[in-house]
Amino acid sequence: MNYFIIGFYALLIGGSSLAAYYQKRTAFILLFSLTLVSFVMGIVGGEAMLWTVTIGAGLIAFSAGVSYSFREFLVVILPPNGAKAMRTAPLTAGFGLFVIFTYAIAGIFAPIIAPFGEAEVISSAFAPADENMLLGADQLGRDMFSRIIYGARNTVGLALLATILAFVMGATAGLYAATKGGKLDQLLGRIVDVIMSIPSLIFSLLLLSIFGTNTVTLIIVIAIIYAPRVFRLARSVGGNVVVMDYIEAAKLRGEGTWYLIRKEILPNSTAPLIAEFGLEFCFVFLLVAGLSFLGLGIQPPTADWGSMVRENATLISFGEITPLIPAGAIALLTVAVNFVVDWMLYRSSGLKE
Amino acid sequence: MSQDKSVLLNIKNLIIEGYSDEKWVGIVHGVDLTLHRGEVMGLIGESGAGKSTIGLAAMGFTKDGCRIGEGSSIEFDGMELTTTPESDLQSLRGARIAYVAQSAAASFNPAHKLIDQHTEAPIQYRIKKRLESQEDAMELYERLRLPNPKEIGFRYPHQVSGGQLQRAMTAMAMACRPDLIIFDEPTTALDVTTQIEVLSAIRDIVDQFDTAALYITHDLAVVAQMADVIKVLLKGNEVEEADTRTMLENPQDDYTKSLWAVRDFKRDQKPRPSDDTALVTVKNVDASYGDTPVLHDVSFDIYRGMTVAVVGESGSGKSTVARCITGLLPPTKGEILFQGEALPPDYRDRTKDQLRQAQMIYQMADTALNPKVKICDIIGRPAQFYSGLHGPALKNRVDELLDLIELDPSKYYNRYPPELSGGQKQRIGIARSLAAEPTFIICDEVTSALDQLVAEGILRLLDKLQNELDLSYMFITHDLATVRSIADEVVVMQYGKVVEQGPKDEMFTPPHHEYTDLLLSSVPEMDPDWLTTLLDERGTDSTD
């Protein structure tokens with residue numbers, strides 16, 4: 001028994017007693033179950049295990065604190081309408097927004113934040129971390145940290161562009177098909193079926209092998225692969241809107257199709273489309289990373305998280321976790337985007353009222 | 001009266017609050033209610049009066065985002081519902097308190113047969129075995145005078161008509177022989193001829209089983225037939241309560257008197273302008289949806305400055321006529337003339353000016369106004385589109401139109417439709433059609449989704465606008481009270497054919513066509529004995 005263990009249990013038991021006394025039900029259940037779990041873990045894993053539990057709990061508490069303060073920050077700086085939406089947002093949404101915000105800052109100000117250039121060789125291959133290099137060097141002696149910062153710009157930027165393009169194409173075609181109906185709807189629908197019937201990774205490999213790999217083709221190919229999903233969503237959402245009386249009123253007024261789509265249908269379809277945007281962004285992101293891992297994505301020496309995982313994969317055999325850091329960056333962004341999307345879905349489902 | 005019977009439901013100081021804009025707002029402010037066994041109480045009031053909320057609270061239930069406030073007491077047969085745990089309330093609902101909703105079509109599960117839904121509650125509460133319960137269902141169907149009571153239960157909800165569905169739902173509420181049934185506007189969605197069948201069926205079965213009932217409606221004439229006692233509500237407060245006859249003969253409160261007076265609005269019939277050609281002529285029109293013919297040789301004229309009411313029950317083809325006139329459904333035969341000239345059958349082939357001349361106001365203002373567009377843009381768009389107005393001129397025009405429909409421009413200019421009440425939305429719908437400066441407006445059941453007071457306001461507004469702007473209306477409705485107040489000429493339709501047409505006064509004085517007679521006699525009157533007398537006259541076997 002040392003002071004750490006005694007302090008650890010004293011804190012947990014004291015905390016749960018306090019929670020019970022003040023009738024904070026959820027807090028009590030949380031603290032007390034943590035106490036029980038710690039008993040078991042302490043017996044099995046000893047002090048080291050308890051340290052892990054402490055660090056884990058601390059991390060969660062820390063991110064909750066950050067999300068909370070970020071959410072309050074947004075409430076203060078946003079205009080009344082946005083502030084109201086933020087105040088009712090769950091903590092997870094705050095966390096998601098915070099992560100996205102951080103990534104955006106990292107991506108936009110990459111050259112200022114990163115201590116070295118993304119292609120700059122400054123050390124020997126696989127050099128360990130020192131005061132110069134926060135995360136050590138990669139397989140060519142480039143600074144890992146700088147490359148991760150630049151990767152935020154390249155990988156996320158590319159995924160974002162591709163998703164936006166996919167949405168512009170898919171949503172326009174989908175809403176157009178919903179408004180027009182008939183043969184055009186059938187034709188577009190069948191084209192989409194054909195694209196969707198080919199596995200996306202294989203299809204993109206095929207297209208990229210034909211047209212060559214550069215950033216522009218990459219964006220277009222990915223957009224073509226993901227547009228059909230957006231098309232189907234936009235068509236079904238639009239299909240529910242076009243039967244409303246106000247669409248009939250606009251048609252009888254003599255409005256053109258483009259006006260109908262832009263002014264009458266689109267504003268009533270944005271909520272599900274935005275939610276879908278978040279999800280698709282994650283898929284596109286993973287596809288870009290996957291393509292990079294296969295060597296068909298963003299080409300070296302441009303920093304990109306997917307290829308960084310592949311290039312440094314050998315380090316794993318030496319017990320280093322460095323290659324997992326870019327992978328972790330991808331995972332964190334995916335989780336964050338999904339948190340925000342969940343919140344938006346909740347808001348658009350009408351439960352908020 | 002049932003003063004001697006024991007008290008079944010005793011609500012004291014009922015407060016219900018709803019959560020909106022991050023605070024709790026009162027919906028019902030301390031209403032007391034006492035209901036004896038076997039008694040039927042009518043709750044009336046306009047929308048937002050809290051009638052349905054009180055009805056649900058009688059089951060110890062509140063909608064999501066609502067709660068029962070401090071100090072309220074709901075006592076059902078000696079049980080305090082506000083403190084009863086949810087699980088006990090669950091076993092009470094369906095078994096001892098049943099609920100009949102406004103829209104039976106939306107309340108039945110379309111994937112299960114009627115009888116399976118009927119027997120669900122008795123089986124779950126172990127009151128009856130499946131077979132027993134099925135036999136009971138058939139008996140109830142027979143009592144409610146449903147056709148083929150032995151077989152109808154084995155149909156799916158979409159295979160029976162609206163009126164039959166509403167009766168099947170009443171039968172379902174009766175399945176466990178509850179002590180109390182809450183009827184929430186059970187006939188509002190039905191047309192007059194069907195309404196009578198449902199009303200008499202409900203009244204008989206409530207009598208037979210001596211069930212107590214809360215009957216919620218905004219239709220006074222209906223409540224007069226059904227209730228022993230009437231309670232009038234306004235904005236979550238009680239206005240007054242009295243037994244039906246006293247209430248009808250001698251209402252005390254001003255608000256109640258205004259409700260009673262609603263049906264007094266009547267406009268004198270205008271004669272046809274003699275030497276003019278008709279503004280709109282529907283000439284020998286046939287139309288069909290796919291292969292199903294819906295209109296057969298429909299012809300009538302609408303003259304400038306006049307109101308022509310097209311009446312008939314649902315399915316009679318009255319809305320289809322409107323679709324033919326607007327060009328949404330090109331007729332298979334015949335033509336539509338506007339000021340003596342034939343209009344292209346499809347709206348896509350019509351000129352901007354032809355489209356501008358004929359505007360439409362819809363039944364459901366909720367779906368007729370784009371919820372994501374501001375009021376100023378909804379009204380401004382036709383003005384901009386047809387007259388090319390923009391900038392300050394457009395704003396002036398919108399202000400002018402808002403003034404015309406009696407809404408304050410400074411208050412409503414930048415609002416969105418969901419922030420408005422039903423009557424206000426309908427007014428915006430009217431303003432949108434006026435913005436096009438039309439000569440002819442089709443009003444498709446514009447008042448049937450509104451409360452009587454609000455509906456009367458809309459009718460008066462339409463009448464005022466007609467006088468000021470020399471408009472012609474085609475008024476589609478199933479409500480003959482509306483026809484009586486606003487129409488100049490009446491066209492009666494049945495099964496897609498015009499049965500009878502002529503000036504209003506002529507139509508409302510006998511002799512009538514058989515069908516017109518049925519429609520006219522089916523309009524509920526304020527007399528509490530009206531239903532009984534009518535059913536006696538028609539004979540008991542007149543249903544279906």
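**Reading contacts, cores and a sheet in a two-chain model**

Me: Before anything else, how many residues of chain B are in contact with chain A, and what counts as a contact?

Reply: In this predicted model, 17 residues of chain B are in contact with 11 residues of chain A, two residues being in contact if their C-beta atoms, placed from the backbone, lie within 7 Å. Residues are numbered from 1 along each chain as its sequence is written, while chains are lettered from A and ligands numbered from 1 in the order in which they are written. Because the model is predicted, local features need pLDDT of at least 70 and side-chain atom pairs count only at pLDDT 80 or more, whereas totals for chains, interfaces and linings use all residues.

Me: By class, how do the residues on the side of chain B that touches chain A divide?

Reply: Ala, Val, Leu, Ile, Met, Phe, Trp, Tyr, Cys and Pro count as nonpolar, Asp, Glu, Lys and Arg as charged, and the others, Gly among them, as polar; on that side of chain B there are 12 nonpolar, three polar and two charged residues.

Me: What is a nonpolar core, and which residues touch the most other members of the largest one?

Reply: In soluble globular proteins, nonpolar side chains tend to be buried together. A nonpolar core is a set of buried Ala, Val, Leu, Ile, Met, Phe, Trp, Tyr and Cys residues joined through C-beta atoms within 7 Å, where buried requires 20 or more other C-beta atoms within 10 Å of the residue's own, placed from the backbone, exposed requires 12 or fewer, and partly exposed lies in between. The largest core here has 156 residues, of which A:Ile222, B:Val308, B:Val310, B:Cys443 and B:Phe475 touch the most other members. Apart from this core lies another, of 77 residues, among them B:Ile16 and B:Val198.

Me: Why is A:Ala10 classed as exposed?

Reply: A:Ala10 is exposed because 11 other C-beta atoms lie within 10 Å.

Me: How are the strands ordered in the six-stranded sheet of chain B?

Reply: Strands (E, at least two residues) are DSSP runs, numbered from the N terminus, and two of them pair if DSSP finds at least two bridges between them. The sheet is open, with mixed pairing and the order 17-18-19-14-20-21, and its edge strands, each pairing on one side only, are strand 17 (358-361) and strand 21 (497-503) of chain B. Within chain B, strand 18 (residues 440-444) and strand 19 (residues 472-477) run parallel, joined by five bridges, and B:Ile441 has B:Tyr473 of strand 19 as its bridge partner.

Definitions and conventions
Helix = DSSP H or I, 4+ residues; strand = E, 2+ residues; numbered from the N terminus.
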